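User: Please take me through some side-chain values for this entry. I would like short answers with the cut-offs stated.

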Amino acid sequence: INGLRSLPRPGEAALEVTVDGLALGDVVLDTEVLRVLSVTPVHTATEVDVNTAVALQFSEAVRNVNASGVFLRRDVDSVPAELSIDPDDASLVRITPTSPLASETIYQVVVVNGDLPGSGSGPVDDVGRPLVVPFISEFTTQDAKAPELLSATPVDGAVQVDPRAVV
């Protein structure tokens, strides 16, 4: 390498590389820290549909997305779900539960930062950098239970019911 000349850009670092008089152009260095920009449902959302999927928007493309590093949990138990990276936007990850969520229940969305003993490893960006801190968000599902008849008066099949009885 004959010459390196730094070409700073807002939010990025770059180098102009020259080898034996041949300019190879700008080499952009990835200096952005990986972070979660948004989550849907939003943090502390209530009345969330029990058939909802969770969407996580990261600051840049991610890889190494697995169930030990990105998951949905109820209390301390992970919820069985499918993880996917959007094919058109590698910074968008979806968690789709394999069955409806429980009614009126608090759930947490967890993204692990790096390799944690006993917890697995979280997503990383294209150069292998993980989140700096773990990400946790929570939401509460709606009441999806159908109403139940607990008792009826008079009982079914009753005879000689006073016409003034409250039904």
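**Salt bridges and a surface patch**

User: What is the relative accessible area of Arg94?
Analyst: Arg94 counts as partly exposed, because its value lies between the limits for buried (under 20% relative accessible area) and exposed (over 50%), with a 1.4 Å probe and protein chains only. This is a predicted model, where local features need pLDDT of at least 70, side-chain atom pairs count only at pLDDT 80 or more, and totals for chains, interfaces and linings use all residues. Residues are numbered from 1 along each chain as its sequence is written, and side-chain values use heavy atoms, without hydrogens and water. The relative accessible area of Arg94 is 32%.

User: Which residue forms a salt bridge with Arg94?
Analyst: A salt bridge here is a side-chain nitrogen of Lys or Arg within 4 Å of a carboxyl oxygen of Asp or Glu. The closest N and O atoms of the pair are 3.1 Å apart. The partner is buried, at 16% relative accessible area. Arg94 pairs with Asp86.

User: How far apart are the closest N and O atoms of Glu32 and Arg35?
Analyst: Glu32 is partly exposed at 30%, and Arg35 is partly exposed at 43%. Side chains of opposite charge can pair when their charged atoms come close. In the salt bridge between Glu32 and Arg35, the closest N and O atoms are 3.4 Å apart.

User: Which residue meets Arg164 in a salt bridge?
Analyst: Arg164 is exposed, with a relative accessible area of 70%. Its partner is partly exposed at 35%. The N to O distance is 3.1 Å, and the partner is Asp162.

User: How many salt bridges are found in the whole structure?
Analyst: The pairs include Arg94 with Asp86. A search of the whole structure gives a total of four.
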